[in-house]
Amino acid sequence: MHCDADAFYVGCELARRPELRDKPVVVAGKLGSCILAKSYDLKRAGVKTAMPTWEVKKKHPEITILEADFQYYSEVSAQMFSVLGKWTPDIEVYSIDEAFMDMKGFRKLYKMSYPKIAYAIKEEVKNHLGLTVSIGVSVNKTLAKMAAEVNKPDGVTSVSWRDIPSWLQKFKIEDVPGIGRNTTPMLNKLGVHTCADFTNLTFDTVKRILHKPGLQLWKELQGEKVFRVEKTFAPNKMITRTSSFTPLTDHQGFLWSHTLRQLERAIEAMNDSHQMTREVTLYIRDKEFKRYHNTFRLPNSTRSFQVLVEVLKKLWKKHFPKGVLIRSTGIILTHLSQNTGSQLNLFEDPGLIIRKDQLEESKQGIKDRYGNLSIRSASSLRLKNLGPDRKKAIRAKTFNVDW
Ligand SMILES: [Mg+2]
């Protein structure tokens, strides 16, 4: 499979600003520069990537222009890959928003056809991150990547071995990923314009006119598996969990409950990947999109809820902006290491550290058995069943900052 996020930067922005959905949006570099990404309707309306911002403003005054926030995009990207990584260990991160996934044999495990698996993955990314992706399913990397491209946005395209020859007929030779700008005119001169023209050449002809990479592509287009999925999925470099709030709120107790829920989810992710953290960041974004980022470095790596909650309390008390409407909050765990058991340190009772570890293990055992939400802190429990009128529900429920 090849999974490719649709208009990724714009998708990330819409995920955290749902009020902009269905409105024309572009993401640009710093003011005065050019367009980096645009939504699909704008693509159709003729707005082009790399167009200067002033030109877009003049031609389309109704468009919202957002300044790129690459740190946020890379956080979303890491989250997307961690969702994909749950479906297969053989995943190759290809760019900030694309990955190849080797799913061979997993039909049995998931009891679904490959296209159904692709739909399930697409749904999971949408539910977790509010992003749409397109997925191509085929017998090798080249065909999967081409398939992901044809049904954007939000599409799944599956090309079975049998369908390859007829499916390739509609592609021009320059649509094949890996056919370079210089190769296209050369092939055109030899009468090769479509993919089918190319695959109809004999092995010997291709060998004569192209180098090894060209020959490899020719084989892949015949349905052979030449390129392997190179497992580049390093264990997560950071774990991020965020929430955004509509309507915006300054309700401290409610926001704190969300921070606790984020912590619980981040610990679940650490447990899944057998990691511990040494650095915790609390970030908050207010109504005016002002960001508050505050980081705390721990003396030792940990995955204990109690330890991390104390750190977050400290950061919260010191840095939380009072009386300001909040748009989103999140926590970021960095300095991750493989879980090798807690380091004992001189200042803490070793018995206590061991007991905290045991508690964490028991909680994980319960979650493994009954599902991730089966055990959670009392504070975040109140986020359950808020119902459709969240504003009223938040007021009615007692959200206390309970420290
Ligand atoms: Mg993309």
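This section describes the fold, two helix contacts and several single residues of a predicted model.

The chain holds 17 helices and 13 strands. It has 403 residues, and 32% of them count as buried. Contacts between residues that lie far apart in sequence are prominent in the count. Among contacts with a separation of 6 or more, 63% join residues 24 or more positions apart.

Confidence was examined next. The mean pLDDT of the chain is 85. A value of 70 or more is reached by 90% of the residues. Strand β7, residues 133-137, has the highest mean pLDDT among the elements, at 98. Helix α17, residues 390-396, has the lowest, at 65. Where pLDDT is low, predicted coordinates should not be read in detail.

Two helix pairs were analysed. Packed helices are described by the angle and the distance between their axes. The first pair is α4 (residues 70-85) and α6 (residues 114-129). Their axes come within 10 Å and cross at roughly 140 degrees. Angles over 145 degrees would count as roughly antiparallel, and 65 to 115 as roughly perpendicular. The α4 and α6 helices are therefore oblique to each other. The crossing of α4 past α6 is right-handed. On the α4 side, the contact uses Val76, Gln79, Met80, Val83 and Leu84. On the α6 side, Ile121, Glu124, Val125, His128 and Leu129 take part. By class, this contact comprises 7 nonpolar residues, 2 polar residues and 1 charged residue. An α-helix has 3.6 residues a turn, so residues three or four places apart point the same way.

Helix α4 also contains phenylalanine 81. Phenylalanine 81 has 21 other C-beta atoms within 10 Å, and 20 or more are needed for a residue to be buried. It is therefore classed as buried. Its C-alpha atom is separated by 9.9 Å from that of cysteine 3. These two residues are 78 positions apart along the chain.

The second pair is α13 (residues 252-272) and α14 (residues 305-319). Here the axes come within 11 Å and cross at roughly 145 degrees. The crossing of α13 past α14 is right-handed. From α13, the contact draws on Trp256, Thr259, Leu260, Leu263 and Ile267. From α14, it draws on Phe305, Leu308, Val309, Leu312 and Trp316. The contact has 9 nonpolar residues and 1 polar residue. No charged residues take part in the contact of α13 with α14.

Burial was also examined in helix α1, residues 8-16. This helix is mostly covered, with 8 of its 9 residues buried. The buried residues of α1 are Phe8, Tyr9, Val10, Gly11, Cys12, Glu13, Leu14 and Arg16.

Helix α9, residues 183-189, contains methionine 186. Methionine 186 has 12 C-beta neighbours inside 10 Å, and 12 or fewer make a residue exposed. Methionine 186 therefore counts as exposed. Its C-alpha atom lies 10.0 Å from that of leucine 210. The two are 24 residues apart along the chain.

The loop between α2 (40-44) and α3 (53-59) includes alanine 45. Alanine 45 has 13 other C-beta atoms within 10 Å, so it is partly exposed. From C-alpha to C-alpha, alanine 45 and histidine 60 are 9.8 Å apart in space. In sequence they are 15 residues apart. Alanine 50 lies in the loop between α2 and α3 as well. Its phi is near 80 degrees, a positive value in a residue other than glycine. Alanine 50 counts as exposed because it has 8 C-beta neighbours inside 10 Å.

Histidine 335 also has a positive phi, near 50 degrees, and is a residue other than glycine. Histidine 335 sits in the loop between β12 (326-334) and β13 (337-338). It has 15 C-beta neighbours inside 10 Å, so it counts as partly exposed.

A further backbone feature is a cis peptide bond. It joins lysine 152 and proline 153, with omega about -5 degrees. Proline 153 lies in the loop between α7 (141-150) and β8 (156-158).

How values were computed
Residues numbered from 1 in each chain as written. Predicted model: local features only at pLDDT ≥ 70, side-chain atom pairs only at ≥ 80, totals over all residues. Axes fitted to C-alpha atoms, helices over the stretch in contact; angles between N-to-C directions. Helix = DSSP H or I, 4+ residues; strand = E, 2+ residues; numbered from the N terminus. Left-handed = near helix turned anticlockwise from the far one by under 90°. Contact = placed C-beta atoms within 7 Å. Nonpolar A, V, L, I, M, F, W, Y, C, P; charged D, E, K, R; others polar. pLDDT = per-residue confidence, 0-100. Parallel < 35°, antiparallel > 145°, perpendicular 65-115°, else oblique.
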